[in-house]
Amino acid sequence: MTAPTKYPLLFEPLDLGFTTLRNRIVMGSMHTGLEDLPWDIPKLAAYFAARAKGGVGLIITGGYSPNITGWLLPAGAKMSSPIDALLHRKVTSAVHAEGGKIAMQLLHAGRYAYHPLSASASAIKAPINPFKPRKMSDLEIRKTIRDFGNAAKTAKSAGYDGVEVMGGEGYLINQFLAPRTNKRTDKWGGSADNRHRFPVEIVKEIRRRCGDDFIVIFRLSMADFVDEGQTRDEIISLALKLEAAGVSILNTDIGWHEARVPTIVTSVPRGAFTAFTADITRAVNIPVCAANRINMPETAEDVLLRGDAQLVQIARPLLADPEWANKAREQRADEINTCIGCNQACLDHAFVHKKVSCLVNPRAGRETSLVLGPTRAAKHVAVVGAGPAGLSAAVSAAECGHHVELFEASDHLGGQFSYAARIPGKEEFSETIRYYTTMLDKHGVTVHLNTTARVEDLKGRFDEVVIATGVVPRVPSFPGVDHPKVITYAQAISGEKEVGDTVAIMGAGGIGFDVAEFVTTDKSPTLHLEEWNAEWGVTRDAETRGFVTKPHPAPSARSKVYMLQRKTTPQGIGLGKTSGWVHRASVKMKGVEQLSGVNYEKVDDAGLHITFGEDHSEARVLDVETVILCTGQESERRLDEALKEAGVTTHVIGGADLAAELDAKRAIRQGTELAAAL
Ligand code: FAD
Ligand code: NAP
Ligand code: SF4
């Protein structure tokens, strides 16, 4: 194979002595929910095979526990018996058939185990888990080391090319490594050497059981981002010991699950943590893999070019696009369906024990059931509305071979999603619009911008009519709603109406929080890495345990901002499980005054008049220049109703179908499923 010109380092093979990886792209471990039950194994095999076919160099599976104490959940995935190995033959052979390599991640949850058997270095409860772990005895520690060796040996017999030992994210091994969770006074605790003993012995045991011709990866926490975490010297000394114990590749990891520094959400700058990786790379002589917020080939190539690492791990980007590696290699990076770091269909699903998929690629994890195969009867399809629902329907239908025309009233693609892309910290969302723009062109969709579709444009001209006309902002009725200081979120974000220096945001849903970010953040959209680090209290100081210090957020761009809702529940509780806390913390850091349980009385020149409670007994006037309505949306269905009256059958998807609880995940999924069924 000739070396590509654009990302030459990314596609350079890596010789590990006994085996060679075809390129530097590692698919990071993600628990999909297909690991736990035997009858899901064929789906898991198809999911991994698609990524191997897509050109990735090495795949790492979701975490499998070496024993039942280490289960994340009761009856979770484990790798300990010949039956486990037999089942997994299907997975490894599917990957090997596509020319890929695959390693199994071995993960002992320790005090993150969500069951009463949980055990850890010390009996200290995690702030994010109701179960208090038991302190492991010396005997149990030694048995656990043997269990890791047995699991690795079983994985080898199942055809895996290697294992990854999970030593980060605050799981058991990390709990042994950090003084925060290891208060032992025996040979497994106290000094750094003692705290290092457990992982080093695990690696030695795996090597002893599996021999030299087996890839052993260790996932090293290079910054814990919790108080009483490890120091840089401790981490580097551990890396050197792991190298000596026989690790083939050091993969890197950042932040414990309980850390209050965001590490993977969309607002984290791309490649934010590679300076930490570079510290490890400089210290050892084995390949090091960089991870976290590397979602496009340019970022990956830059990491390798700077010498920060020899490999890059991408995980969620391979949910978003299984063909990521092939597209990068073939100079088709503009066709990559980029992971936008929203977590909405991956991590947020995993945390509520739902099967993992992807907001921008609903086929992820459904490779065997949601198939966009070539159609036998090409149809002439009209799609009205170029928001996420219409875009996914149009591109997916065209991919199946239908002749598609897309009508969009405005002068641009993206619908409401284009507002999302203007929110500071959500700039990644524009990648989805770029992807669809490229794919509309690639699949020959005829796009009519600035065209409000009417009945006469559609009736009798198409075999199928898809209505994806989306939503419009809800304008509630209260006295003064027509006052010039009242504007919609769409008018504020688009810049159609000016936003004053004092603002009341009416509504505290997802859009309310985004608008709070929009109005409190200075015009320059993306924070530079140094500013971002300061905002979240990340330090590079080698002596500071856990690399966290006091946050120094940038001041709000406006002198006063209120965010209001009628409900009395805490604001933002409905936001995503893994990203909501970041939005809530961000709004607090910017000094937004949050008021709940309010009634909107009126708006006049004095401002927004509110009362509190059922009896309206307490009143307040918020002296603001602008009131921004973030009060939900309503379906735009006028065209559909007119078409139905004219006897035209339609398919209604996305916000046009149902505005309540609408998000882009549903919109894109409905568009794709409809196209597959046409
Ligand atoms: P829309 O996006 O509303 O698109 C409908 C399109 O149809 C529009 O472009 C409109 O011009 C066009 N149209 C209407 N009538 C006609 C006609 N007669 N002829 C031609 N064209 C017509 N969702 C998430 O999942 N995650 C987020 O983080 C997120 N953040 C958001 C942040 C903001 C600030 C906003 C405003 C929304 C956010 N959303 C988010 C919501 C998401 O954007 C919407 O759920 C999604 O856009 C709905 O998709 P849709 O295609 O159904 O409708
Ligand atoms: P939302 O989450 O349903 O919030 C609507 C807000 O408007 C609520 O705070 C509601 O609170 C208020 N409201 C509703 N009807 C009202 C009325 N008649 N008068 C006054 N207030 C009213 O919807 P959204 O914020 O518009 O977001 C739309 C969708 O986009 C959401 O479903 C969300 O999933 C998605 N989105 C997601 C994110 C994300 O980060 N994941 C970000 C942005 C948007 P009260 O009724 O208590 O007043
Ligand atoms: Fe990325 Fe969002 Fe898809 Fe998860 S759901 S893989 S974060 S785009």
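The paragraphs below go from the whole protein chain to two of its residues, Arg184 and His583.

The model is predicted. Its protein chain has 678 residues, and its secondary structure comes to 21 helices and 27 strands. Taken along the principal axes, a box of roughly 75 × 65 × 45 Å holds the C-alpha atoms. How does the radius of gyration of the protein chain stand against that of a compact globule? A compact globule with 678 residues would have a value near 26 Å, and the protein chain has 26 Å, so the two agree.

Burial and contacts fill in this picture. Of the 678 residues, 59% are buried. Among contacts with a separation of 6 or more, 72% are between residues 24 or more positions apart. On the outside, the accessible surface comes to about 26400 Å², and carbon and sulfur atoms account for 53% of that surface. As for charge, the protein chain carries 78 positive and 81 negative side chains. The centres of these two sets lie 7 Å apart.

Arg184 is the first residue to look at in detail. It is found in the loop between helix H4 (172-177) and helix H5 (192-210). Is Arg184 buried or exposed? Its relative accessible area is 5%, and because buried means under 20%, Arg184 counts as buried. Two polar partners can be named for the side chain of Arg184. One is the side chain of Asp186, with which it makes a polar contact at 2.8 Å. The other is the backbone oxygen of Ala121, which lies 2.9 Å from a polar atom of the Arg184 side chain. Ala121 also appears among the residues that Arg184 touches when those up to four places away in sequence are not counted. That list further includes Ser120 and Ser122, the run Lys135, Met136, Ser137 and Asp138, and also Ile141, Phe176, Gly189 and Gly190.

His583 is the second residue. It belongs to a helix, H19, which covers residues 580-589. Its relative accessible area is 24%, and because partly exposed begins where buried, under 20%, ends, His583 counts as partly exposed. Which residues does His583 contact, leaving aside its neighbours within four places in sequence? They are Phe513, Asp514 and Leu575. A distance along the chain can also be set beside one in space: His583 and Leu608 are 25 residues apart in sequence, and their C-alpha atoms are separated by 25 Å.

In short, Arg184 is a buried loop residue, whereas His583 is a partly exposed helix residue.

Technical notes
Residues are numbered from 1 along each chain as its sequence is written. Chains are lettered from A and ligands numbered from 1 in the order in which they are written. This is a predicted model: local features need pLDDT of at least 70, side-chain atom pairs count only at pLDDT 80 or more; totals for chains, interfaces and linings use all residues. Side-chain values use heavy atoms; hydrogens and water are left out. Helices (H or I, at least four residues) and strands (E, at least two) are DSSP runs, numbered from the N terminus. The radius of gyration is taken over C-alpha atoms; the globule rule is 2.2 Å times the number of residues to the power 0.38. Buried means under 20% relative accessible area, exposed over 50%, partly exposed in between (1.4 Å probe, protein chains only). Contact means heavy atoms within 4.5 Å. Accessible areas come from the Shrake-Rupley method with a 1.4 Å probe; for residues, only the protein chains shown count as cover. Lys and Arg count as positive and Asp and Glu as negative; His and the chain ends are not counted. The place of a charge is taken as NZ of Lys, CZ of Arg, CG of Asp or CD of Glu. A polar contact is a pair of N or O atoms within 3.5 Å; within protein, one must be able to donate a hydrogen and the other to accept it, and residues adjacent in sequence count only if both atoms are side-chain atoms.
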